[in-house]
Amino acid sequence: MNEPPRLPGGSFAAWSRDRLELARRGADECGDVWQLESGVYVAATAGVCEAVLHRSQDFPKPSSPLFPSLKRAGGAPMPEERAHARAARMRGLRPQAVAARVGEIAPGTARFADQWPTDRDVEILPLVRPVLAEIGVRYLFSEDAPALLPFAWQLFVAREVLVRPSRWVWPRWVPTPARRFRTRRQIAFTDALRPVVRRRRSSDRPGDDVLGQMLRPSARYGPLSEEVILDTLPGITVATFETPSRAAGWILLHLARYPQAADRVAAEAALLPADPATTTSTHLENLRYTQAVVREVLRLHPPSWLLTRRAPRQTQLADYTIDAGSTVLVCPYTAHRDAREHPEPDRFRPERWLDDSGSSAKPGVFLGFGTGPHGCEGAALAMAVLTLLTAQTARRYHVSEPPGTEPGYRVTTFEGLATAGLHLRATVRG
């Protein structure tokens, strides 16, 4: 079989701000698959990326959870138990479930717009992240969210400490200060959640939120154990607001850079009800252009721009042989800029998602939430939150960047594509 083209320029571990440029150059010069270093390959175009993500037997997702199971007498949950827990969570996260709870999501997005200080430059991510944390935690835990939110926030802080770039890569078993801090925060969250689980289970009123869905026994597996529920919730709790916060930064930046698109979003949002709590799934569906804006920003700047998979055995990818033990990096950033799938791929053009014959109908061309067996569980929730946040913001404000020739932010790529230090100004619409 063929050997993938190899791109000069150093190892994956050495990438910093040049990661995006190197990935794009690799896709342009080497095509569908290219080799970064020995045993490390990059899947760069839409069809190949989709193939890797769907072939979970050939390219399984590495088992390296950010919040691993706590040590207990019963041991870590078995793979079957984790699969059961995921299926139970999905009952509360599937599109129909999110649509039924739009009225609970919308007030939080309106609150973000209400809280934005006007007529001065404000750093956006510290402003948006707590609001999205409250929305996400409330979606998971409903009336118990206020008691759990401080512990969920500390999980996020632990995540930020843990993923901070370091000169040293320690084996997983080494109890570094960051890992010990993570474990303490995870134990605190678990200790706060345990009485909630027991109270709901003993009252035979599990609730209609995601936790309630996990407490309901399934016909196939029966009830989930308490420990499995507690072990599998920290990661999804942080995920409900950490990745959407990165996406929100890019979206708000595009509202500032493309005022005509922002005006069109504002016109659509004018039809939303005055009381956000009365927002329905129909209102959300009618925000078609706003959803297209969100989707287009996620195409250009996918927050999870690089996904890791490993090959347990020798297999074939496109026209190339991938040896056992190799790492395959799936790159939505380059797949989304594949001119064969997206005409004028570097241009911000939300209308491409409104065309009847547009890219959205083709499999694999939008990987903002991944795809396949390990696609993002919270994709429907994230799209609803980001769409309503975009609409409520544009409805109230003109958004602008600080004056100057240089952007008022840094592009960071470690653990996700983000606009670090982004400052924007909101001016009330006349």
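Two strands count as paired if DSSP finds at least two bridges between them. Strand 1 and strand 2 (residues 40-43) of this predicted model meet that rule, pairing in the antiparallel sense over four bridges. Within this pairing, Trp34 stands opposite Val42 in strand 2.

The two strands belong to a wider sheet. Four strands make up an open sheet with mixed pairing, in the order 1-2-7-4. Its edges are strand 1 (33-37) and strand 4 (307-310), and each of these pairs on one side only. From one strand to the next, the twist averages 30°. A helix lies across this sheet. Helix 2 (residues 46-54) crosses strand 1, strand 2, strand 4 and strand 7 (327-330). Helix 2 runs at about 125° to strand 7.

Turn next to helix 6. Helix 6 (125-141) is mostly covered, with 13 of its 17 residues buried. Its length can be checked. At 1.5 Å a residue, 17 residues should span 24 Å, and the end C-alpha atoms of helix 6 are indeed 24 Å apart. Just after helix 6, Ser142 takes a positive phi of about 50°. Ser142 sits in the loop that leads from helix 6 to helix 7 (145-162). Is Ser142 buried or exposed? Its relative accessible area is 15%. The cut-off for buried is under 20%, so Ser142 counts as buried. Leaving aside residues up to four places away in sequence, Ser142 touches Arg101, Val137 and Asp209. Arg101 has a ring partner too: its charged end sits over the ring of Tyr139, 4.0 Å from the ring centre.

Now the aromatic rings. A pair of rings is described by the distance of the centres and the angle of the planes. The model holds 10 aromatic pairs. One of them joins Trp116 and Tyr397, with ring centres 5.9 Å apart and planes at 65°. Planes over 60 degrees apart count as edge-to-face, so this pair is edge-to-face. What does the pair tie together? Trp116 lies in the loop between helix 5 (102-115) and strand 3 (121-123), while Tyr397 belongs to strand 8 (residues 397-400). The pair therefore ties together parts that are 281 residues apart in sequence. Trp116 is buried, at 2% relative accessible area. Tyr397 is buried as well, at 7%. Ring pairs also bring in Phe112, which forms a cluster with Trp116 and Tyr397.

Trp353 and Phe366 make another edge-to-face pair, because their centres are 5.6 Å apart and their planes stand at 75°. Both residues lie in the loop between helix 14 (332-335) and helix 15 (379-396), so this pair ties together parts 13 residues apart in sequence. Both Trp353 and Phe366 are buried. Phe366 has a charged partner: the end of Arg295 sits over its ring, 4.1 Å from the centre.

Trp353 and Phe366 share a neighbour. Arg299, in helix 13 (residues 288-300), touches both of them. Other residues touched by Arg299 include His336, Arg337, His342, Glu344, Pro345, Arg347 and Arg352. Arg299 is buried, with a relative accessible area of 0%. How far is Arg299 from Val40? The two are 259 residues apart along the chain, and their C-alpha atoms are separated by 24 Å.

Notes:
Residues are numbered from 1 along each chain as its sequence is written. This is a predicted model: local features need pLDDT of at least 70, side-chain atom pairs count only at pLDDT 80 or more; totals for chains, interfaces and linings use all residues. Side-chain values use heavy atoms; hydrogens and water are left out. Rings of Phe, Tyr and Trp (its six-membered ring) pair if their centres lie within 6.5 Å; planes under 30 degrees apart count as stacked, over 60 as edge-to-face and the rest as tilted. Buried means under 20% relative accessible area, exposed over 50%, partly exposed in between (1.4 Å probe, protein chains only). A charge sits over a ring if NZ of Lys or CZ of Arg is within 6 Å of the ring centre and within 35 degrees of the ring normal. Contact means heavy atoms within 4.5 Å. The expected span of a helix is 1.5 Å times one less than its number of residues. Axes are lines fitted to C-alpha atoms, for helices over the stretch in contact, and angles run from 0 to 180 degrees between N-to-C directions.
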